[in-house]
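Got your viewer open and your mouse ready? Let's walk through this one stop at a time, picking something new to select at each step.

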Amino acid sequence: MSAQNSHTRWRRPLRDYAPFPMGSYSPVIMKEAAARKRDGAWRRGLGGRDPVPCGQADASARPGQPLDGCASSRTPRRAPFSSSVNPSRVWLITGCSRGLGHALAVAALARGDRVVTTARNPLDLAALTAAHPDTCRALALDVTSPTQVTASVLAALEAFGGIDVLVNNAGAGLLGAIEETDEAEIARCFEVNFLGALRVTRALLPHFRARRGGQVVFVSAAAAIANYPGFGIYGAAKRALEGAAESLAQEGRPFGLRVTLVQPGPFRTGFIGASLAHVAAPLPDYDTTRGKFARTLAAMDGRQPGDPARAAAAILAAVDAERPPLRLVLGAYATDKARRTLTAAQRELEAWTPVAAATEFPTP
Ligand SMILES: NC(=O)c1ccc[n+]([C@@H]2O[C@H](COP(=O)([O-])OP(=O)(O)OC[C@H]3O[C@@H](n4cnc5c(N)ncnc54)[C@H](OP(=O)(O)O)[C@@H]3O)[C@@H](O)[C@H]2O)c1
């Protein structure tokens with residue numbers, strides 16, 4: 001890009017660089033956009049990085065199209081959701097440094113999709129961007145930081161001219177009985193597993209609404225199907241997420257939003273190893289419940305039956321499906337658990353239906 005072009009570019013009105021109609025962004029994103037333009041940082045990611053090696057912007061770019069130069073000349077121009085012509089999609093995935101998020105990014109990139117990967121430390125994403133310089137971008141994102149969410153969603157939208165699929169994968173377990181867990185520990189767990197995912201989703205919803213389509217995948221957990229002693233707060237955060245996702249699926253249907261909840265059983269990642277937080281003040285009385293569960297997890301670490309690469313393939317299949325499932329249970333363990341839970345719930349419901357029915361006013 002010539003110096004002249006570069007100079008001219010930054011003097012154009014902001015709307016010329018917005019890949020979507022200005023009204024399609026939430027007010028908070030537009031405020032951030034204006035601030036970033038003022039300080040000349042429109043193209044920069046967090047910490048002054050430039051996540052998008054953009055060439056000259058194309059003011060004629062239409063909604064859903066990448067801006068000129070924001071994808072390499074080798075990257076074909078595609079309209080999102082043009083699956084009958086080309087099924088390639090643009091993904092935004094949280095927590096790509098390792099584990100399921102990393103495996104999903106690898107799988108999507110391997111089939112030619114474009115992926116905006118995010119991690120708390122973007123250096124963890126260097127290998128991915130080096131392997132896929134044209135189709136992978138890396139952004140810093142800690143989902144517990146509202147300002148980082150706003151900035152990253154803005155940069156992610158700019159990276160390839162839009163997002164087709166958001167995957168809320170970032171999450172972390174907390175091991176502790178209900179009585180053992182203090183409020184700060186509870187709040188931290190909900191920040192990462194519930195509020196963080198909701199924050200990223202809410203920041204992208206105006207975009208999905210404006211383009212009349214999009215997909216949101218929430219990585220929940222088998223603990224949300226039926227919970228274990230010691231996982232009360234973590235499971236509660238994932239269930240809260242599921243409650244919100246169920247509503248979102250209905251609220252978004254009129255504008256083409258598709259929502260999938262992924263419920264993995266044990267997968268071989270850092271989840272029950274280095275990533276697992278433990279409460280600061282365990283009590284001996286919970287040794288036979290929370291303690292026993294903790295020992296089970298410790299013994300299973302490194303031997304989990306679930307393969308992250310196969311989980312990624314399953315998520316791709318769900319996203320590609322004409323009718324993506326609302327719930328996607330992953331692994332034989334979680335499938336058995338879901339089946340047993342549903343059967344038990346059905347049995348209990350039938351047994352107590354007369355009592356439930358007797359609580360209504362008699363029909364006149
Ligand atoms: N593996 C399982 O058995 C299993 C079972 C049920 C549910 N899950 C769910 O699957 C998802 C992925 O976990 P995993 O198995 O891949 O575990 P993992 O290997 O521990 O990876 C967790 C990922 O989440 C990221 N993360 C944690 N806190 C974050 C934050 N505040 N902001 C942004 N990113 C954050 C981590 O980034 P850093 O590298 O920066 O820490 C990492 O990339 C989680 O939502 C987890 O609850 C996993």
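Start by selecting Arg212, which counts as exposed because it has 12 C-beta neighbours inside 10 Å. (The cut-offs: 20 or more other C-beta atoms within 10 Å of a residue's own make it buried, 12 or fewer exposed, and anything in between partly exposed, with C-beta atoms placed from the backbone.) Arg212 sits in the loop between α6 and β6 (214–219). Those element names come from DSSP runs numbered from the N terminus: helices are H or I with at least four residues, strands are E with at least two. Now check the backbone of Arg212: phi is positive, about 55 degrees, although this residue is not a glycine. Most residues other than glycine have a negative phi.

Before you go on, two notes. Residues are numbered from 1 along each chain as its sequence is written. This is a predicted model, where local features need pLDDT of at least 70 and side-chain atom pairs count only at pLDDT 80 or more, while totals for chains, interfaces and linings use all residues.

**Zoom out**

Show the whole protein chain, which has 10 helices and 9 strands. Of its 364 residues, 44% count as buried.

**Helix α6 and its neighbours**

Stay with α6 (183–211) and add helix α7 (residues 232–252). Their axes come within 9 Å and cross at roughly 25 degrees; axes here are lines fitted to C-alpha atoms, for helices over the stretch in contact, and angles run from 0 to 180 degrees between N-to-C directions. So α6 and α7 are roughly parallel to each other. (Under 35 degrees counts as roughly parallel, over 145 as roughly antiparallel, 65 to 115 as roughly perpendicular, and the rest as oblique.)

Which residues make the contact? On α6, pick out Ile186, Cys189, Phe190, Asn193, Phe194, Ala197 and Leu198; on α7, they are Ile233, Tyr234, Ala237, Lys238, Ala240, Leu241 and Ala244. (Contact means C-beta atoms, placed from the backbone, within 7 Å.) Colour them by type and you get 12 nonpolar, 1 polar and 1 charged. (Ala, Val, Leu, Ile, Met, Phe, Trp, Tyr, Cys and Pro count as nonpolar, Asp, Glu, Lys and Arg as charged, and the others, Gly among them, as polar.)

Next, swap α7 for helix α5 (residues 146–160), which packs on α6 at about 40 degrees with the axes 9 Å apart. That makes α5 oblique to α6. Select Pro146, Val149, Thr150, Val153 and Leu157 in α5, and you'll find them meeting Arg199, Val200, Ala203, Leu204 and His207 in α6. This contact divides into 7 nonpolar, 2 polar and 1 charged.

**Around the ligand**

Now select the ligand. Of the 32 residues around it, Gly95, Gly99, Ala170, Gly171 and Ser275 come nearest. (A residue is near if its C-beta atom, placed from the backbone, lies within 6 Å.) The elements giving two or more residues to this shell are α3 and α6. Helix α3 supplies the largest share, 3 residues. By type, the shell divides into 14 nonpolar, 14 polar and 4 charged.

**Last stop: α3 and α9**

Select α3 (residues 99–110) and α9 (residues 308–320), whose axes come within 8 Å and cross at roughly 60 degrees. These helices are therefore oblique to each other. Residues making the contact include Gly99, Leu100 and Ala103 of α3, along with Pro308, Ala309 and Ala311 of α9. The contact residues divide into 13 nonpolar, 1 polar and no charged.

Technical notes: Contact = placed C-beta atoms within 7 Å.
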